[in-house]
Amino acid sequence: MIDHLIKEQPDEERTKIIIKDEPNAYTFSKKLGEALLAEKHGHVPVIIIRPSIVTASLSEPLPGWIDNWNGATGLIGSISKGILRVIPGNEGNVLDLIPVDYVVNLIIVAATKKILSQSVNVYACATSTEKPLTLRNLIKLITISSKINKFNELPFPGAYFTNSKLLLVFLSAILQTSPLSLADALLRMTGKDPKYR
């Protein structure tokens, strides 16, 4: 049975045939779910909100509020604290982040506008087309905020991007692994438990 499943795993070519113009299987599966809702919702009013990457609030209930450290929040927090310093990737890529209070506000407004149950309303909640944020600019903002708010636990918060595997290993050893090991050694010398490495 497992051999059969392994043989039937879709390859890239078959996946492209199935998902057609969608950029990946994730967005394709969302489109399928939305199509199913549109077809089967009956007399139940349906609204679909499509947020991009949801992050900490801009202002409500208070600036910077978030309920977990998953996803982009964990990445931002690790950079802010000075722990994560080297990231594989291109610093010119756009990262579409949307504050959680923007998403909540859109949900409330969309719900108040929903009167007719025949149609399915779809709202995108994203920023990259209006205010694109590159990873380079995100790192600058994280670094400035971390220093102003004294959030960094280790000196010189910030991160470097590279697409080179060799450079990634080298920079990680110099800028990340060594400083974290040193910080843990200092914690041990003061009788505290290590926490960085």
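**Exercise 1. Place Val122 in the fold and list its contacts away from its sequence neighbours.**

Step 1. Start with the secondary structure: Val122 sits in strand β5, residues 120-125. Helices (H or I, at least four residues) and strands (E, at least two) are DSSP runs, numbered from the N terminus.

Step 2. Next, check the exposure. Val122 has a relative accessible area of 39% and therefore counts as partly exposed; buried means under 20%, exposed over 50%, and partly exposed in between (1.4 Å probe, protein chains only).

Step 3. Now look for partners, where contact means heavy atoms within 4.5 Å. With neighbours within four places in sequence left aside, Val122 is in contact with Ile48 and Arg50.

Step 4. Finally, try a distance: the C-alpha atoms of Val122 and Arg14 are separated by 29 Å, with their positions 108 residues apart along the chain.

A word on the ground rules: this is a predicted model, in which local features need pLDDT of at least 70, side-chain atom pairs count only at pLDDT 80 or more, and totals for chains, interfaces and linings use all residues. Residues are numbered from 1 along each chain as its sequence is written, and side-chain values use heavy atoms, with hydrogens and water left out.

**Exercise 2. Do likewise for Val54 in strand β2.**

Step 1. Val54 belongs to strand β2, and because its relative accessibility is 36%, Val54 counts as partly exposed.

Step 2. Apart from neighbours within four places in sequence, Val54 is in contact with Ile98, Val100 and Val103.

Step 3. For a C-alpha distance, take Ala126: Val54 and Ala126 are 72 residues apart in sequence and 9.1 Å apart in space.

**Exercise 3. Work out which residues of helix α4 are buried and what they pack against.**

Step 1. Helix α4 covers residues 71-80, and its buried residues are Ala72, Thr73, Gly74, Gly77, Ile79 and Ser80.

Step 2. These buried residues pack against β2 (53-55), β3, β4 and α6.

Step 3. Look just past the helix: Gly82 follows α4 and has a positive phi, near 90°.

**Exercise 4. Find what surrounds Asp101, and how far away the nearest side chain of opposite charge is.**

Step 1. Asp101 lies in helix α5, which runs over residues 100-113.

Step 2. Asp101 is buried and has no salt bridge. A salt bridge here is a side-chain nitrogen of Lys or Arg within 4 Å of a carboxyl oxygen of Asp or Glu. Lys131 is the nearest side chain of opposite charge, 14 Å away; Lys and Arg count as positive and Asp and Glu as negative, while His and the chain ends are not counted.

Step 3. The side chain of Asp101 does reach the backbone nitrogen of Leu58, at 2.9 Å.

Step 4. Outside its neighbours within four places in sequence, Asp101 is in contact with Ser57, Leu58, Ser59 and Glu60.

**Exercise 5. Count the salt bridges and describe three of them.**

Step 1. Recall the principle: side chains of opposite charge can pair when their charged atoms come close. The count comes to six salt bridges.

Step 2. Glu39 and Lys40 form one of them, at 3.8 Å from N to O, and both residues are exposed.

Step 3. Glu91 pairs with Arg136, their closest N and O atoms being 3.2 Å apart. This pair links distant parts of the chain, 45 residues apart: Glu91 is in the loop between β3 (86-88) and β4 (97-99), and Arg136 is in helix α6 (residues 135-148). Glu91 counts as partly exposed because its relative accessibility is 33%, and Arg136 does so at 35%.

Step 4. Glu153 and Lys195 meet at 3.2 Å, N to O. They too link distant parts of the chain, 42 residues apart, with Glu153 in the loop between α6 and β6 (160-162) and Lys195 in the segment after α7 (165-189). Glu153 has a relative accessible area of 33%, so Glu153 is partly exposed; Lys195, with 53%, is exposed.

Step 5. Salt bridges with shared partners join Lys81, Glu153 and Lys195 into one network.

**Exercise 6. Summarise the whole chain.**

Step 1. Count the elements: seven helices and six strands, in the order α-α-α-β-β-α-β-β-α-β-α-β-α.

Step 2. Of the 197 residues, 27% count as buried.

Step 3. The C-alpha trace spans about 65 × 50 × 35 Å along its principal axes.

How values were computed: A polar contact is a pair of N or O atoms within 3.5 Å; within protein, one must be able to donate a hydrogen and the other to accept it, and residues adjacent in sequence count only if both atoms are side-chain atoms.
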